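Let's work through a few short exercises together. Keep the structure open beside you and try each task before reading its solution.

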Amino acid sequence: MSRASTFSVRQARSIGGEISVPGDKSLSHRAVLFAALADGTTTITNFLPGEDCVCTMRALQAMGCVIDTDSATRLTVHGVDGKLMAPLEPLDCGNSGTAMRLLAGILAAQPFKSRLIGDASLSSRPMKRIVDPLREMGAKIQGRGDKHTAPLEIDGGALHGIDYTLPIASAQLKSCLLLAGLFAHGTTSVTEKTPSRDHTERLLVHFHAPPVIATQGDGLGKTIRVRGGTRLHAQDFNVPGDFSSAAFWIAAAAALPGANLTITNLGLNGTRTGLLSVLLRMGAHINESISDSSCEPVGTVQVYGRRLRGTRIAGAEIANVIDELPVIAAAAAVAEGDTEIRDAHELRVKETDRIEAMAGNLRAFGVTVTVHNDGMTIHGGGPVKGARVPSFGDHRIAMACAILGLFAKGETVIEDTSCIATSYPTFQDDMAKIAVFRETGLASLLGSH
């Protein structure tokens, strides 16, 4: 068996130029799902051809949806008007929790049996949070053990609408229930106390099935309602650049004095850009401009590097930066003072336990870290040395450590970087475009050894 690839990074002298990042992963998943369920033909441009999104596309193809791949990033989706076909084999979601949770909501209402499987990492992640409310809607769905881990066995059939309050801020859970609600009898209401990503609500409007959204008073969040039997109608969609991918370059440029980086065609949905607020609080110099807001806000971010200082991230803010916390931890390592991250229990059940994984890797770089049950405190500002660290098979851990490697003296090697392809296949190429290194040897994918 060949060993996994490694990624070697050296300390950067400067970061600058102009770059655009691949299409948004969350939106690519949702766009192809909505287009498949719609009537008519939808063209999706700037689709992210990462492994996660490809799993969603292949699952839809296995259920009778014809998808022409005009190129890796351009799809023509021939919608099935909500009527999928029973798959002949289990649907493989790979490493994608988004694929599994959103497909489960759809399949719970389809008149056939299906089975959702995933890789070892995904098969360890709890699915109870979607199983319980789907069962309230009348779904026959079963996972393994008390946490209902994959594989998920689904015997689809008639559902009924429910009123459900999310126990945690989770766009995946919200989207799962709203998609199930499109096929249920009656109205499905989902209330979130803390805002989560609103891509699903925006795409419902884009595909001509607008939900009813009511904002609650006294800081109690909002309620999103969909009516069962509402049909989706085809509508072309251009996927903006993924803010969570751009976050690595934004954080790197913000923390390196003298850096000057521009990122164009970037998704700037306010439920995704909490990183900007965190970095600004840390003393970053960032300009943001929106050029299009017809469905998703899209625009440009310009970052000027300077020395950062520590901050505290907790409470309602966590939901808006959950995917960016690994790279925030990397930036905190080179910032002056302490950065405290709390109320981030969700990091424990991502592709890996991101609290323990990131803390262990930071220590390998020479950074002092205090771990809490719901986060960590990074004691920043000290010297950072190159290290050899594992990715734990987690794309965001791998990329966050590569960013820290840009600030570390000597060489940094991240092991098992094949996971990066799940969300950012061109990561190493983009790093080479914007970074000038202090020593010979650009960041490179060394390949199998």
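This is a predicted model, and a search through the whole of it turns up 6 aromatic pairs.

**Exercise 1.** Classify the pair formed by F7 and F427, and work out which parts of the chain it ties together.

*Solution.* Start with the geometry: the ring centres of F7 and F427 are 5.7 Å apart and the planes meet at 75 degrees. Planes over 60 degrees apart count as edge-to-face, so that is the class of this pair. Next, place the residues: F7 belongs to strand β1 (residues 6-10) and F427 to helix α12 (residues 427-434), so the pair ties together parts 420 residues apart in sequence. Finally, check burial, for which the cut-off is under 20% relative accessible area. F7, at 1% relative accessibility, counts as buried, and F427 is buried too, at 0%.

**Exercise 2.** Do the same for F34 and F207.

*Solution.* Here the centres are 5.8 Å apart with 40 degrees between the planes, and the pair is tilted. F34 sits in helix α1 (residues 25-37), while F207 is in the loop between α6 (199-206) and β12 (212-215), 173 residues away. Both F34 and F207 are buried.

**Exercise 3.** Find the surroundings of S245, and decide: is S245 buried or exposed?

*Solution.* First locate S245 in helix α7 (residues 243-255). Its relative accessibility is 2%, so S245 counts as buried. Leaving aside residues up to four places away in sequence, S245 touches V21, S423 and Y424. Y424 also belongs to an aromatic cluster with F7, F248, W249 and F427, which brings us back to the pair from Exercise 1.

How values were computed
Residues numbered from 1 in each chain as written. Predicted model: local features only at pLDDT ≥ 70, side-chain atom pairs only at ≥ 80, totals over all residues. Heavy atoms only, no water. Helix = DSSP H or I, 4+ residues; strand = E, 2+ residues; numbered from the N terminus. Buried < 20%, exposed > 50% of the residue type's maximum accessible area, 1.4 Å probe, protein only. Contact = heavy atoms within 4.5 Å. Phe/Tyr/Trp six-rings, centres within 6.5 Å; stacked < 30°, edge-to-face > 60°.
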